[in-house]
Structures are given as structure tokens and as C-alpha cells.
Number of protein chains: 2
Amino acid sequence: MTTSRNASTIRDVARLAGVSVATISRYLNNSAPLSADTAERVQTAMTELDFSPHPAARSLASNKTNAIGLVLTEIGGEFYTPLLRGIESVTSAEGFDLLIHSTKTKAPPSGPIKRRPLSENNTDGLLVFIDALDEVELIRLKKVKFPVVLIHQSSPKGLEIPMVTIENQSGSQKVVDHLIEEHNCKKIAFIQGPANNEDSKGREKGYRLSLKNHGISFDPNLVVIGGFESAQAYEAVRKLIKRGISFDAIFTGDDDNAIGVIQALNEASRRIPEDVAVAGFDDSLFARLLTPPLTTVKAPNEQVGAEATRQLIKLIRGESATLQTVLPVEMIIRRSCGCKQ
Amino acid sequence: MTTSRNASTIRDVARLAGVSVATISRYLNNSAPLSADTAERVQTAMTELDFSPHPAARSLASNKTNAIGLVLTEIGGEFYTPLLRGIESVTSAEGFDLLIHSTKTKAPPSGPIKRRPLSENNTDGLLVFIDALDEVELIRLKKVKFPVVLIHQSSPKGLEIPMVTIENQSGSQKVVDHLIEEHNCKKIAFIQGPANNEDSKGREKGYRLSLKNHGISFDPNLVVIGGFESAQAYEAVRKLIKRGISFDAIFTGDDDNAIGVIQALNEASRRIPEDVAVAGFDDSLFARLLTPPLTTVKAPNEQVGAEATRQLIKLIRGESATLQTVLPVEMIIRRSCGCKQ
DNA sequence: TTGTATTATGTAACCGGTTACTGAAACCGG
DNA sequence: CCGGTTTCAGTAACCGGTTACATAATACAA
């Protein structure tokens with residue numbers, strides 16, 4: 001079905017205002033000075049006809065889409081909603097449309113034509129969330145000078161694509177500092193996130209740095225890969241206990257992991273925080289609802305989205321963007337570390 | 001900044017293949033039969049030039065955008081991510097772009113021009129989430145026969161706009177049945193959601209129906225408005241207790257409410273489920289993490305999104321859509337109602 | 001007063017597709 | 001072998017904006 005083509009065009013407005021189409025266009029885009037008189041006649045005609053410029057025509061003629069694309073591998077996770085809210089608030093405020101595409105979902109049965117879902121064809125710039133685009137595509141985009149900003153992922157070497165992320169390292173360092181300094185922990189286990197994940201690497205660095213600063217030697221036995229899911233973390237802790245490795249605290253790569261950790265500790269009758277202090281990362285919605293409530297690090301997801309979008313819009317406007325933006329995190333002290341009771 | 005215009009066009013392909021542009025277009029859209037020979041030459045030329053049709057040109061000429069718009073008041077809530085995932089999976093699979101706009105965020109400082117953010121101008125159809133568009137706009141869209149599907153909201157009288165929602169009523173009825181039949185509850189308090197919310201109304205209906213079916217008379221003292229937030233529910237339960245109203249179960253309009261309910265009961269030293277059984281609605285992520293784990297009703301948010309999108313695409317293709325789609329919910333039994341220990 | 005710079009506006013080509021209309025060739029039955 | 005279909009392909013107008021270029025009108029300097 002095709003919508004009836006009844007909307008008024010720039011030529012209708014021109015006719016009614018008694019001027020040429022060029023004048024209307026100039027008025028619309030403020031691209032040249034108009035006499036006060038003309039401007040008023042144009043405005044009157046426009047309101048009269050309830051004129052609204054046709055985006056496709058505009059886009060075709062000007063080679064601008066007025067849209068920003070967000071590409072991610074998968075729509076999911078708790079960070080997702082605030083991130084999107086941040087992005088949307090800026091695109092809206094700046095008058096851009098927001099296009100979303102998940103690269104995980106299968107492509108349409110496209111027949112013979114190759115349709116690039118989100119690209120320089122239908123957007124003015126791309127927001128790329130962790131690994132949503134492979135390096136080949138990033139290189140291609142860089143080569144054609146298409147604006148791109150990476151989120152929670154740093155630029156491949158040499159490409160110099162601006163990126164926005166959070167203080168993974170110092171955030172995790174602060175928590176571990178806290179465990180050591182306030183709760184006198186000495187043997188802190190670390191449940192890593194996914195091995196190749198950049199966030200997870202930064203968090204490990206912070207962990208190691210804190211240990212080092214406090215003269216505690218790094219013990220590889222205390223570090224386990226946990227993914228970002230509770231089941232893996234649960235298994236990891238059970239294994240730790242089974243192998244008889246002693247620890248007085250567990251710091252997890254994210255809050256989901258903490259769920260599994262708490263479960264495993266409960267089953268092993270280790271009390272939290274008396275026997276083992278626990279801390280997470282993310283400040284997920286449920287963190288305060290766990291028993292005991294989870295000490296963790298709050299990631300400013302909404303700001304990440306907003307800031308990345310602002311940077312992208314700068315690029316689109318031809319201004320230069322900040323290559324690395326690292327937003328601060330906040331430690332949230334609750335009971336699982338031993339504070340407050 | 002404008003991307004350099006270096007991509008190949010339909011005319012380049014035509015030249016290379018030694019045919020006319022019309023032929024290329026026909027091949028692209030399968031709009032007329034081509035001889036096997038020509039088809040092959042066209043395909044070769046297309047791959048050779050890495051041709052990808054320009055969406056704006058296509059859209060301008062055909063008056064189709066190949067995009068679907070999602071309008072909502074606010075980006076937030078736990079249902080949001082799965083809903084969006086459902087929508088995106090279908091739009092992707094069917095080759096549509098997905099545009100998102102929140103009507104809550106303020107419009108750009110648009111100057112003199114009126115820009116309708118998401119409309120028949122830049123989409124082929126609109127998915128409208130609860131109250132994101134007012135009735136005036138819905139009427140306008142209906143009048144110009146623009147495809148619209150409502151989500152979790154029924155069509156204003158007379159408009160006959162297709163809608164997709166969940167079994168609020170029977171879901172809530174089942175839970176209350178369960179409380180009465182399995183746990184012998186007689187005085188079941190109901191913490192309502194927001195007063196004008198359609199979901200919340202349906203859930204109340206189910207509550208009343210279940211009472212009626214079991215010969216329990218409806219007691220207005222046991223029904224309190226709670227919004228969809230835990231703080232209000234917390235206050236509501238405190239008030240109930242303070243007023244000395246006795247109850248042996250609380251059914252809440254959603255899981256967030258249940259958090260406040262549990263807190264208030266804990267503070268009043270009423271044991272869950274021994275003294276008071278508790279049940280919620282939504283099966284939020286945290287439901288299983290509460291103490292005790294919450295008995296609730298699982299809403300198929302992802303399917304809602306997918307189904308609404310499918311209906312919309314039908315409309316876009318000129319087929320007829322189902323006016324009312326009500327997706328089934330599933331009762332999730334955990335411990336807060338008294339089951340399993 | 002005349003020549004020139006400046007400003008406001010118009011004309012028409014163009015962006016890259018789609019498609020109505022037209023025509024040539026192939027096919028078919030009698 | 002001929003008139004009538006059917007099939008395949010080309011020409012060019014069109015979608016609704018933008019903008020390079022041209023021009024008329026006005027301002028200004030000498």
C-alpha cells in the first residue's frame with residue numbers, strides 16, 4: 001500500500017507565496033538572506049498549507065539523511081535501555097532521526113541485491129557498539145570519511161575513530177581498594193568477564209593495580225573466567241571452593257556474576273560478608289535487591305549514549321571530536337562488602 | 001560534512017551491462033520478467049560495481065520508505081528491551097529499517113519549520129506504544145490511511161486500529177485463582193497499577209472475576225492504587241496495616257510493586273508466605289532474586305513486539321491485519337505464594 | 001551621473017531511482 | 001503468410017527537494 005500523495009510540496013508553497021521554489025528552500029535552510037517581506041509571505045504560505053518538507057527529496061538532493069544509525073550485535077542486557085535513552089535524547093534534541101540495527105539478527109532473504117542495512121546510504125553517521133562492525137567495515141568507513149563513534153570499544157590501531165567508554169579500570173581499582181583498606185581483605189578472588197571483552201580487561205587491570213599498590217602479590221589461582229552470566233560464575237566459585245583455594249573476598253566482573261557467586265557461597269555455607277566480602281560492577285537494577293544488597297560500581301550508561309551521540313554529531317557537522325572519552329563511575333557501597341552492619 | 005558521492009548508480013550499472021536503466025530497476029524490483037541473458041549481464045554488472053540502490057532516491061520515486069517507526073512516550077522499563085528485540089528481529093528479517101522516537105524528549109529548536117519527527121514522511125507505518133500519540137494524531141493517520149498498530153493500548157472507539165497486547169485479565173485471574181485454590185487465601189489485597197493504564201485495568205478485572213468465581217465478595221478496602229513503582233506500593237501496604245485491615249495475600253499490579261510490598265511486610269514482621277502470600281505480574285528479571293522468590297505472571301514482551309511488527313507489515317503490504325491480538329501469559333510459581341516449601 | 005559592488009530572487013539542472021508509454025521482435029492459430 | 005498477442009526492453013517524465021548560475025534592483029563611491 002502506498003499512502004496517497006496529498007501533502008503539499010515546496011512548489012505549492014512557492015505558488016501561494018508568489019515566489020520561486022529556490023526562495024522557499026532558502027527560507028527553510030536559512031541558506032541566504034530574504035527580505036523581511038518575502039520571509040513573512042513564505043511563512044504564511046507554509047503554515048497555510050501545513051507544509052512539511054519531504055525527507056527523501058531533501059536527502060536525495062543534499063546528500064544528507066538527517067539520521068543517525070546505531071549498530072549493535074544484540075539487543076539485550078540491562079545497560080541497553082539507559083544507553084538508548086541517552087542516545088535518543090540527544091538525537092531528538094538535535095533533530096536527527098535514530099535508526100537501530102542489530103547485526104546478529106539475520107538479514108532479509110534479499111534476493112540478488114546487496115542491501116547494507118545501516119551505512120552511509122541511509123544515515124549521516126554511525127554509533128557502533130562493541131564489535132557490531134568488523135574491522136574491515138570500519139576501515140572502509142574510515143576511508144570514505146564516514147562519521148563513526150565507537151561505544152565501549154576502542155579504535156583499531158591506526159584508524160583513530162573516536163570512542164566513548166567508562167572508567168573500568170579506576171572503578172574496579174576503587175572497589176578493590178575499598179575491600180582491602182576498609183575490610184582488610186587479603187585474598188581477593190576475581191571473576192573475570194568474557195576473555196576478549198574490553199570492559200572486562202580494564203576491570204582486571206584495576207584489580208591488579210590495586211593489589212600491587214597494597215603490596216599484595218597477584219595470585220593466578222584466584223582469577224577465574226566467568227563470562228557475563230551468573231551460571232558460569234556459580235560454577236567458577238564452586239570450583240574454587242572444591243580446589244580448597246582460600247579467599248576472603250570475591251570481586252566480580254559484573255553484577256550478573258555476583259548472583260551466581262552469592263548462590264554458590266550460600267550453598268557452601270560461607271556467610272556474606274562475614275566470611276567472604278562480595279562486590280560487583282554495573283549497579284544493575286537488582287543489585288540492591290540481592291541478599292545481602294550488593295556493593296558495586298555504577299556505570300553511567302545513559303551519559304555514555306548521550307556523549308557518544310554528541311561526539312558523532314560533531315563529526316557530522318565537520319567539527320573534530322574527542323578521540324577518547326572516558327566517563328567516571330561511582331562506587332556504590334552496600335552490605336555485601338561488609339559496610340553498614 | 002557530506003560524504004563524497006562516489007557510489008555507483010543505476011545508470012552506471014545500465015551502461016556496464018549495456019541495457020537501459022529501466023531494465024536495472026526491473027531487475028532490482030522483480031517488477032517485470034527479464035530474459036535470462038539480460039538478467040545475468042545485469043547481475044554481473046551489479047556485483048562488479050558493488051552497486052547498492054540509494055534509499056532516498058528509491059523512496060522519493062516510489063513513495064515508500066522501507067522503514068518502520070516506533071513511537072513511545074519514554075524509553076525505559078524492563079519490558080522495553082525485549083519488546084524492542086522482538087520488533088527489531090522482524091523488521092530486520094523483512095528488510096525494513098527501524099526508526100525510534102520518544103515523544104517525551106523535547107523537540108529540536110526547529111525554527112519556523114514544523115518537522116513531524118516520525119510520520120508518513122519518513123516511515124511506511126508506525127508502531128505506537130501506550131499513549132505515545134494522542135487521539136487527534138491517530139485520527140489524522142487513520143484518515144490518510146497510514147498503517148498503524150497499537151501496542152498495549154486499544155484503539156480509540158470507531159478507529160479500528162489493530163492492536164497487540166497480552167492476556168492481562170486471564171493472567172491475573174489465574175494467579176488469584178491459584179492463591180485461593182492452592183493456598184486457601186480469602187482476603188486478597190490488590191495493589192493496582194496506574195489508574196488509567198489499560199494493562200492495570202485488565203489485571204483488576206481478572207482479580208475481581210476470580211473472587212466472584214470463588215464466591216468471595218469484593219472488598220474495596222483491599223484495593224489500593226500503587227502506580228507501577230515500589231515506593232507507592234510500600235506506602236500502600238503500610239497504610240493497609242496501619243488501618244488494621246486484615247489480609248492473607250497481596251496481589252500486585254506489577255513486580256516493581258512487589259518490591260515495596262515485601263519491604264513493608266518485612267518491616268511489619270509479617271512473614272511471607274506464611275502470614276501473607278505475595279504474587280506479582282511481569283516476571284521481571286529480579287523476580288526470582290527477591291526473598292522469597294516472587295510468584296508472578298510472565299509477559300511475552302518479545303513476542304508482543306514481533307507480532308505487532310508482523311501485523312504492521314501486513315498493513316503496509318495492503319493485506320488486512322487482526323484487529324485484536326492478545327498473547328497468552330504464563331504463571332510462574334515460586335515461593336512467595338507458599339508453593340515449594 | 002555613471003560604473004560597480006551588493007543584495008534579493010528566479011531559472012533550471014540535478015540528485016538516483018521508478019514507471020507509464022511505446023515499440024520491436026517473437027510467437028501463434030488459421 | 002498474415003493479423004493479433006505476448007514478451008522484452010528503451011525513452012523520458014517524474015518524485016520533491018537543493019543549488020550553481022544568471023539577473024534585476026538597489027546602494028554606494030567617485
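This passage looks at how the two protein chains pair up and how they sit against DNA strand C in a predicted model.

To start with the pairing, a turn of 180° with a shift of 0.0 Å along the axis lays chain B on chain A, leaving an RMSD of 0.1 Å. The two copies are thus related as by a two-fold rotation axis. The interface tells a matching story: 100% of the interface residues of chain B are also interface residues in chain A, so the copies meet through the same surface.

Turning to the DNA, 28 residues lie around strand C, and both chains supply some of those that come nearest: Thr23(A), Arg26(A) and Thr38(A) from one, Arg11(B) and Ser25(B) from the other. On the DNA side, sugar and phosphate make up 56% of the strand C atoms that come within 4 Å of the protein.

Several polar contacts go to phosphate oxygens of strand C. In chain B, Ser25(B) uses an N or O atom of its side chain, at 2.5 Å from a phosphate oxygen, while Ile10(B) places a backbone N or O atom 2.6 Å from one. In chain A, a polar backbone atom of Ser20(A) sits 2.7 Å from a phosphate oxygen. As for secondary structure, the elements giving two or more residues to the surface near strand C are α2 (21-29) and α4 (55-62) in chain A, plus α1 (10-17), α2 (21-29) and α4 (55-62) in chain B. By residue type, that surface splits into 14 nonpolar, 9 polar and 5 charged residues.

Conventions:
Residues numbered from 1 in each chain as written. Chains lettered and ligands numbered in written order. Predicted model: local features only at pLDDT ≥ 70, side-chain atom pairs only at ≥ 80, totals over all residues. Heavy atoms only, no water. Least-squares fit on C-alpha atoms with pLDDT ≥ 70 in both. Contact = heavy atoms within 4.5 Å. Near = heavy atom within 4 Å. Polar contact = N/O pair within 3.5 Å; in protein donor to acceptor, adjacent residues only side chain to side chain. Helix = DSSP H or I, 4+ residues; strand = E, 2+ residues; numbered from the N terminus. Nonpolar A, V, L, I, M, F, W, Y, C, P; charged D, E, K, R; others polar.
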